[in-house]
Amino acid sequence: MKKILDIYDELGWKQAKGYPRGTRIKTLRDEGNAKTILLKLPKGFHIDPHSHVTTEQHFVIEGEYESDGKIYQSGTYQLIHAGVDHGPFKSKNGAVILVVWDP
């Protein structure tokens, strides 16, 4: 089945559970351990270091965030392998991140 979504519209955004207040999430794909989301980080975003059981990919769509002392600006990509601690993550002015988790 083919699924088409507009990543820029305001439909489907929800408060992101388990993230700091003001963080919003839009789920694009949810197939068990395989998931693709858009994550809107609010100004002043901060989350502590953590790891995942799946590989995680970040594509910065808008804005920027800082992780492990590096700045990831719009247009950058980060690959984080399963089980690897990453973070903390901070965003002074907010960002929109496409996040992909794959087993």
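**Entry 1: the nonpolar core**

I began with the largest nonpolar core of this predicted model, which has 16 residues. The residues with the most contacts inside this core are Ile37, Leu39, Leu41, Tyr65, Phe89, Ile97 and Val99. I then asked which elements give two or more residues to the core. They are strand 3 (34–41), strand 4 (45–47), strand 5 and strand 9 (95–102). Strand 9 supplies the largest share, four residues.

I noted another core lying apart from this one. It has five residues, among them Trp13, Leu38, Val96 and Leu98.

**Entry 2: Ile97**

I looked up which residues Ile97 touches, leaving aside those up to four places away in sequence. I recorded contacts with Ile37, Leu38, Leu39, Leu41, His58, Phe59, Val60 and Tyr65.

**Entry 3: aromatic pairs**

I found a count of three aromatic pairs. For Phe59 and Tyr77, the ring centres are 4.8 Å apart and the planes stand at 50 degrees, so I entered the pair as tilted. Phe59 belongs to strand 5 and Tyr77 to strand 7 (residues 77–80), so this pair ties together parts that are 18 residues apart in sequence.

Are these two residues buried or exposed? Phe59 has a relative accessibility of 30% and therefore counts as partly exposed. Tyr77, with a relative accessible area of 39%, is also partly exposed.

I also noted that ring pairs link Tyr65, Tyr72 and Phe89 into a cluster. Tyr65 and Phe89 had already appeared in my list of residues with the most contacts inside the largest core.

**Entry 4: Ser67**

I turned next to Ser67, which is found in strand 5 (residues 55–67). Why does Ser67 count as buried? Its relative accessibility is 0%, and buried means under 20%. Leaving aside residues up to four places away in sequence, Ser67 touches Tyr72, Gln78, Gly87, Pro88 and Phe89. Two of these contacts, Tyr72 and Phe89, I had met in the ring cluster.

**Entry 5: Trp13 and Lys40**

I returned to Trp13, one of the residues of the five-residue core. The charged end of Lys40 sits over the ring of Trp13, at 4.5 Å from the ring centre.

**Entry 6: Gly12**

Where is Gly12 found? I placed Gly12 in the segment before strand 1 (14–15). Not counting residues up to four places away in sequence, Gly12 touches Ile25 and Lys26. I also looked up Gly12 against Pro49: these residues are 37 apart along the chain, and their C-alpha atoms are separated by 27 Å.

Notes:
Residues numbered from 1 in each chain as written. Predicted model: local features only at pLDDT ≥ 70, side-chain atom pairs only at ≥ 80, totals over all residues. Heavy atoms only, no water. Buried < 20%, exposed > 50% of the residue type's maximum accessible area, 1.4 Å probe, protein only. Contact = heavy atoms within 4.5 Å. Core = buried A, V, L, I, M, F, W, Y, C linked by side-chain atoms within 4.5 Å. Phe/Tyr/Trp six-rings, centres within 6.5 Å; stacked < 30°, edge-to-face > 60°. Lys NZ or Arg CZ within 6 Å of the ring centre and 35° of its normal.
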